[in-house]
Amino acid sequence: QVQLVESGGGLVQAGESLRLSCAASGNIFSVNRMAWYRQAPGKQRELVAGLTSGTSPNYVDSVKGRFTISRDNAKNTVYLQMNSLKPEDTAVYYCNANLALSSWSVFRTYWGQGTQVTVSS
């Protein structure tokens with residue numbers, strides 16, 4: 001079974017930084033894409049940043065220039081460095097991974113349990 005475990009959330013003041021981590025564990029054969037989503041109260045879940053193997057990362061416009069997504073493929077881990085945080089970044093952040101468990105299995109998408117990020121003004 002696959003597990004995605006997030007860490008690094010917390011309460012910070014506007015302008016400060018946080019670094020989120022998400023480690024995928026289990027009998028993983030290949031990881032295609034890892035991404036971060038977020039969901040604020042009363043809003044739909046949105047893609048924050050994604051990183052597909054062999055391509056450049058993509059970001060939602062509101063975080064461009066402030067957030068950076070990166071991956072450690074050897075550890076099946078994705079990071080989200082969040083700088084210059086704003087109150088509107090407050091949300092539960094979810095890790096997402098599209099991966100296969102063997103060379104003959106299809107790629108499936110898995111989700112982490114979420115980590116709370118709160119930015120005070």
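**Strands, a disulfide and a pocket**

Biologist: Which residue in β3 stands opposite V5?

Modeller: This is a predicted model, and in it β1 and strand β3, which covers residues 18-25, pair in the antiparallel sense over 5 bridges. Strands of a sheet pair through backbone hydrogen bonds, either parallel or antiparallel. Within β3, the residue that stands opposite V5 is A23.

Biologist: Which are the edge strands of the open sheet with the order β1-β3-β8-β7?

Modeller: The open sheet has 4 strands with antiparallel pairing, in the order β1-β3-β8-β7, and its neighbouring strands are turned by 15 degrees against each other on average, direction ignored. An edge strand here pairs on one side only, and this holds for the strand at residues 3-7 and the strand at residues 67-72, that is, for β1 and β7.

Biologist: How many residues apart are C22 and C95, the two cysteines that the disulfide links?

Modeller: A search of the whole structure finds 1 disulfide, and it joins C22 to C95 with an S to S distance of 2.0 Å. A disulfide is a covalent bond between the sulfur atoms of two cysteines. C22 lies in strand β3 and C95 in strand β9, residues 91-100, so that the pair links distant parts of the chain, with a separation of 73 residues.

Biologist: Why does C22 count as buried or exposed, and which of the two words applies?

Modeller: The disulfide of C22 and C95 is left-handed, with -80 degrees about the S-S bond. C95 has a relative accessibility of 0% and counts as buried. Because the relative accessible area of C22 is 0%, and the cut-off is under 20%, the word for C22 is buried.

Biologist: In which loop is S84, whose phi is positive, placed?

Modeller: Most residues other than glycine have a negative phi, and most peptide bonds are trans. N76, in the loop between β7 and β8, has a positive phi of about 50 degrees although it is not a glycine. Phi of S84 is likewise positive, near 50 degrees, and S84 is partly exposed, with a relative accessible area of 40%. The place of S84 is in the loop between β8 and β9.

Biologist: How many residues of the lining of the largest pocket are charged?

Modeller: The largest pocket has a volume of about 180 Å³ and is lined by 13 residues, of which R38, A40, K43, E46 and E88 lie nearest its centre. In the lining, 2 residues are nonpolar and 4 are polar, while the number of charged residues is 7.

Terms used: Residues numbered from 1 in each chain as written. Predicted model: local features only at pLDDT ≥ 70, side-chain atom pairs only at ≥ 80, totals over all residues. Heavy atoms only, no water. 1 Å grid on protein atoms, 1.4 Å probe; cavity = no way out; pocket = protein on both sides within 12 Å on 5 of 7 lines; lining within 4 Å. Points joined across faces, edges and corners; volume = space filled by probe spheres on them. Nonpolar A, V, L, I, M, F, W, Y, C, P; charged D, E, K, R; others polar. Pairing = 2+ DSSP bridges. Axes fitted to C-alpha atoms, helices over the stretch in contact; angles between N-to-C directions. Disulfide = S-S within 2.5 Å. Buried < 20%, exposed > 50% of the residue type's maximum accessible area, 1.4 Å probe, protein only.
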